[in-house]
Amino acid sequence: MQYPPRVELANTPTPLMHLERTSEELGVEFLVKRDDLTGAELSGNKIRKLEFLIADAIEQGCDTVITGGGKQSNHCRATALAATRMGLGSVVCLRIDDKDNPPPTQGNILLDRLAGAEIVWIDHEDWSRQEEVYAAQADRLRAQGRKPYIIPEGGSNEVGTWGYIRCAEELANQLGELPIAQTTIVYACGSGGTGAGLVLGSKLFDFSKLQTQVAGFCVCDDAPYFQRRISGICDKFLERYPGIATATSEDIKIVDGYVGEGYAKSRPEELACLRAMASREAIIFDPVYTGKAFYGVTQELSKNPGRFGERVVFVHTGGIFGLFGSALEASFS
Ligand SMILES: Cc1ncc(COP(=O)(O)O)c(C=O)c1O
């Protein structure tokens, strides 16, 4: 596979780990693709996308990246650290309820600051027109003689998508070494880039030969929203890299119904499920993405044990730093 320019930031390939106790508990062969092990500070799914995005920024001669997300954004933390690793500056626009009341320097925010990122607090109104906010930051940087590169929310665009195409190639190789079984690769869907890469990769690396399909659990919005969003990323991908891969709406499978109280809001049953997994397997999910998606997997399987075939591969997309300062931390005190 001919990939575009990439800087090496992630420890890959990540392990595909068989979890025996969870397989027994869920009544299905259960494996975890350990993308939480792509690094320590630079861990999780975002770093795979950033390998291609930062390479693109460097190719364009840029010296500062601009991006944004929720206040505890894993993506912003990974971007800030990746930029610093590569000798670039970073501006991260973090969404909070009240710009005059910034949150404490905890979890990902602490790491943003350690990486030397410039933090710009934005509110929900700013977020609703985030492209304008990034463009204004870019103008400000240009006026200072700097060359900015804008990375969209979650690094989810046609360039970042290569990160999960590369992960799909790893999965095809790893699954190819196992006995063939009806398999579903599941992942938490937040801004669509992981999903777009896995779906495009599933076509490129012929997952159907491995009897394998891909399904995302949305952690915000709903299935029609993500179907639109992922096919939008796939369309842009095809425009920029003609002839490589394409996906139809049937390829984009989204499982709805587990957003619960809303984005980054946890229900006690989700946290209990996260704690049970941690104490059973020493696999630490985060409350916003992986914990919610895994709770969804358990519920779907309890309703229909054959729902995902004989084997589930859960892509652990990271997010451990989001635990700190969360409702989960508070639940122990
Ligand atoms: C830990 C974690 N898992 C999953 C996701 C969702 O990935 P994507 O934004 O590519 O849909 C994110 C970020 O949004 C994340 O930080």
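**Close-up 1. The crossing of helix 2 and helix 3 in a predicted model.** The axes of these two helices cross at roughly 45° and come within 10 Å of each other. Helix 2 is therefore oblique to helix 3. The crossing is right-handed. On the side of helix 2, the contact is made by Lys 46, Ile 47, Leu 50 and Ile 54. Helix 3 contributes Asn 74, His 75, Ala 78, Thr 79, Ala 82 and Ala 83. Of the residues in this contact, six are nonpolar, three are polar and one is charged.

**Close-up 2. Helix 3 (residues 74-85) and its surroundings.** At 1.5 Å a residue, the 12 residues of helix 3 should span 16 Å, and the end C-alpha atoms are indeed 16 Å apart. Because 10 of these 12 residues are buried, helix 3 is largely enclosed by the rest of the structure. The buried residues are Asn 74, His 75, Cys 76, Arg 77, Ala 78, Thr 79, Ala 80, Leu 81, Ala 82 and Ala 83. Their cover includes two helices, helix 2 (46-59) and helix 4 (108-114), and two strands, strand 3 (64-70) and strand 4 (89-95). Just after helix 3 comes Gly 87, with a positive phi of about 80°.

**Close-up 3. Helix 7 (residues 162-176) and the elements it packs against.** Helix 7 has 15 residues. From first C-alpha to last it reaches 21 Å, close to the 21 Å expected at 1.5 Å a residue. Buried in helix 7 are Trp 162, Gly 163, Tyr 164, Ile 165, Arg 166, Cys 167 and Ala 168, along with Leu 171 and Leu 175. The buried residues pack against helix 2 and helix 8 (193-204). They also pack against strand 2 (29-33), strand 7 (183-189), strand 8 (212-218) and strand 10 (311-315).

**Close-up 4. Ser 202 in helix 8.** Ser 202 counts as buried because it has 23 C-beta neighbours inside 10 Å, where 20 or more are required. Leaving aside residues up to four places away in sequence, Ser 202 touches Ala 168, Phe 207, Val 214 and Asp 251. Among these, Ala 168 is one of the buried residues of helix 7. Ser 202 and Glu 169 are 33 residues apart in sequence, and their C-alpha atoms are 8.3 Å apart in space.

Notes:
Residues are numbered from 1 along each chain as its sequence is written. This is a predicted model: local features need pLDDT of at least 70, side-chain atom pairs count only at pLDDT 80 or more; totals for chains, interfaces and linings use all residues. Helices (H or I, at least four residues) and strands (E, at least two) are DSSP runs, numbered from the N terminus. The expected span of a helix is 1.5 Å times one less than its number of residues. Two residues are in contact if their C-beta atoms, placed from the backbone, lie within 7 Å. Axes are lines fitted to C-alpha atoms, for helices over the stretch in contact, and angles run from 0 to 180 degrees between N-to-C directions. Angles under 35 degrees count as roughly parallel, over 145 as roughly antiparallel, 65 to 115 as roughly perpendicular and the rest as oblique. A crossing is left-handed if the near helix is turned anticlockwise from the far one by less than a right angle, and right-handed if clockwise. Ala, Val, Leu, Ile, Met, Phe, Trp, Tyr, Cys and Pro count as nonpolar, Asp, Glu, Lys and Arg as charged, and the others, Gly among them, as polar.
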